[in-house]
Amino acid sequence: MKKYCILLFILSFGIPETCFSQEDISIPTTVIDSLYKEDQFYFGLTYNILVKLPSGVQQTGFSLGLQGGFIKDMPLNKRRNIAIGIGLGYSYNSYNQNIGIIKDSNNEANYFVLDDTYEFDYSRNNFYQHAIELPIEFRWRTSTASSYRFWRVYTGFKVGYVFSHISNFKGEVGSLRYNDIEGFNDLQYGLTLSAGYNTWNFYVYYALNPMFNDDVKTALKGESIDMSAIKLGLIFYIL
């Protein structure tokens, strides 16, 4: 019996305290950023529609537009669902139509409406543009600091500087390609609207000025080319 008492005494006081202690288990917590911002990067795809066309001019195929860039989001209220966005981006826009551009011996561009007046066939006639753009948006959304799915309506104004104009013609008379045509208007600006939920957002751009300079006229008819663009498509925003 004495041996058992001694054994119990050793077990009670001789075992290290760490054997009975519990290990602290830390549970990770989600930190909510009360100063969150939204929609810093954007990417868009559009179908480009020409409007205010001169007589005889029409679109002849699918005209594609691509855009992408970065926007600085600046919330205006405590809830941070109203903001101003100012950014910098790039866009590519193509226009398939029947205005043929041909340069003469003096390197001056002449603009012909490729209709029944000209007795030759062609398989391609388009021009496309590369531009640096400055979007400015007024932003409303239903976002919160912990929600990544929300409704948004962004309306604004966009100014673009077209740094490259390229025209392409391919037909039975040969292939013609011209770069940096002087008749184009380098400065383009218009109104924008994007609205949607989560990933999918409808986008529209309405140009406020024509693509060509005021002195550009069609050959033979002498009609001013005052056409401009409306772009319809989708835009995606990423943090």
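This is a short tour of a predicted model, stop by stop, with a suggestion of what to select at each one.

**The whole chain**

Start with the cartoon view of everything. The chain contains 1 helix and 11 strands, and reading along the sequence gives the order α-β-β-β-β-β-β-β-β-β-β-β. Now switch to a surface. About 14500 Å² of the chain is accessible, and carbon and sulfur atoms account for 61% of that. Of the 239 residues, 38% count as buried. If you like contact maps, here is a figure to keep in mind: among contacts between residues at least 6 apart in sequence, 70% join residues at least 24 apart.

**Stop 1: a buried salt-bridge network**

The whole structure has 4 salt bridges. Select Asp73 and Arg139 and show their side chains. The two form a salt bridge, with 2.8 Å between the closest N and O atoms. Asp73 belongs to strand β2 (residues 64-75) and Arg139 to strand β6, so this pair ties together parts that are 66 residues apart in sequence.

Keep Asp73 on screen and add Arg141. These two side chains also meet in a salt bridge, at 2.8 Å from N to O. Again distant parts of the chain are linked: Arg141 is in strand β6 and Asp73 in strand β2, 68 residues apart.

Next add Glu137, which forms a salt bridge with Arg139, their closest N and O atoms being 2.9 Å apart. With shared partners, the salt bridges join Asp73, Glu137, Arg139 and Arg141 into one network.

Are these charged residues buried or exposed? Asp73 has a relative accessible area of 0% and is buried. Arg139 is buried, also with a value of 0%, and Arg141 counts as buried at 0% relative accessibility. Glu137 is buried as well.

**Stop 2: Ser143, in the loop after β6**

Follow the chain on to Ser143, in the loop between β6 (122-141) and β7 (151-171). Although it sits in a loop, Ser143 is buried, because its relative accessible area of 0% falls under the 20% cut-off. What is Ser143 in contact with, leaving aside its neighbours within four places in sequence? Select Tyr36, Glu38, Arg79, Arg80, Asn81 and Phe150 to see these contacts.

**Stop 3: aromatic pairs**

Colour the aromatic residues next; the structure holds 13 aromatic pairs. Zoom in on Phe127 and Phe212, an edge-to-face pair with 5.9 Å from centre to centre and 80° between the planes. Phe127 is in strand β6, while Phe212 is in the loop between β10 (200-207) and β11 (228-238), so to speak a link between distant parts of the chain, 85 residues apart. Both Phe127 and Phe212 are buried.

For another geometry, select Phe157 and Tyr189. Their ring centres are 6.2 Å apart and their planes stand at 35°, so the pair is tilted. Phe157 is in strand β7 and Tyr189 in strand β9 (residues 187-197), so the pair ties together parts 32 residues apart in sequence. Phe157 is partly exposed, with a relative accessible area of 30%, and Tyr189 is partly exposed, at 29%.

Now go back to Phe127 and show its wider group: Tyr95, Tyr111, Phe127, Phe184 and Phe212 form one aromatic cluster.

**Stop 4: a charge over a ring**

Select Lys231 and Tyr205. The charged end of Lys231 sits over the ring of Tyr205, 4.7 Å from the ring centre.

**Stop 5: a nonpolar patch**

Return to the surface view and select Met74, Ile86, Leu134, Ile136, Phe157, Leu191, Tyr206 and Leu208. Together these residues form a nonpolar surface patch with about 640 Å² of accessible area. You have already met Phe157, in the tilted pair with Tyr189. Another member, Leu208, is found in the loop between β10 and β11. Leu208 is partly exposed, with a relative accessible area of 43%.

**Last stop: Asp115**

Finish at Asp115, in the loop between β5 (109-113) and β6. Asp115 is partly exposed, with a relative accessible area of 24%. Which distance separates Asp115 from Val57 in space, C-alpha to C-alpha? Draw a distance line between the two: they are 8.1 Å apart, with their positions 58 residues apart in sequence.

Note on methods
Residues are numbered from 1 along each chain as its sequence is written. Side-chain values use heavy atoms; hydrogens and water are left out. Helices (H or I, at least four residues) and strands (E, at least two) are DSSP runs, numbered from the N terminus. Buried means under 20% relative accessible area, exposed over 50%, partly exposed in between (1.4 Å probe, protein chains only). Contact means heavy atoms within 4.5 Å. Rings of Phe, Tyr and Trp (its six-membered ring) pair if their centres lie within 6.5 Å; planes under 30 degrees apart count as stacked, over 60 as edge-to-face and the rest as tilted. A charge sits over a ring if NZ of Lys or CZ of Arg is within 6 Å of the ring centre and within 35 degrees of the ring normal. Patches are made of residues with over 30% relative accessible area and no salt bridge: like charges are joined within 9 Å, nonpolar side chains (Val, Leu, Ile, Met, Phe, Trp, Tyr) within 5 Å. Accessible areas come from the Shrake-Rupley method with a 1.4 Å probe; for residues, only the protein chains shown count as cover.
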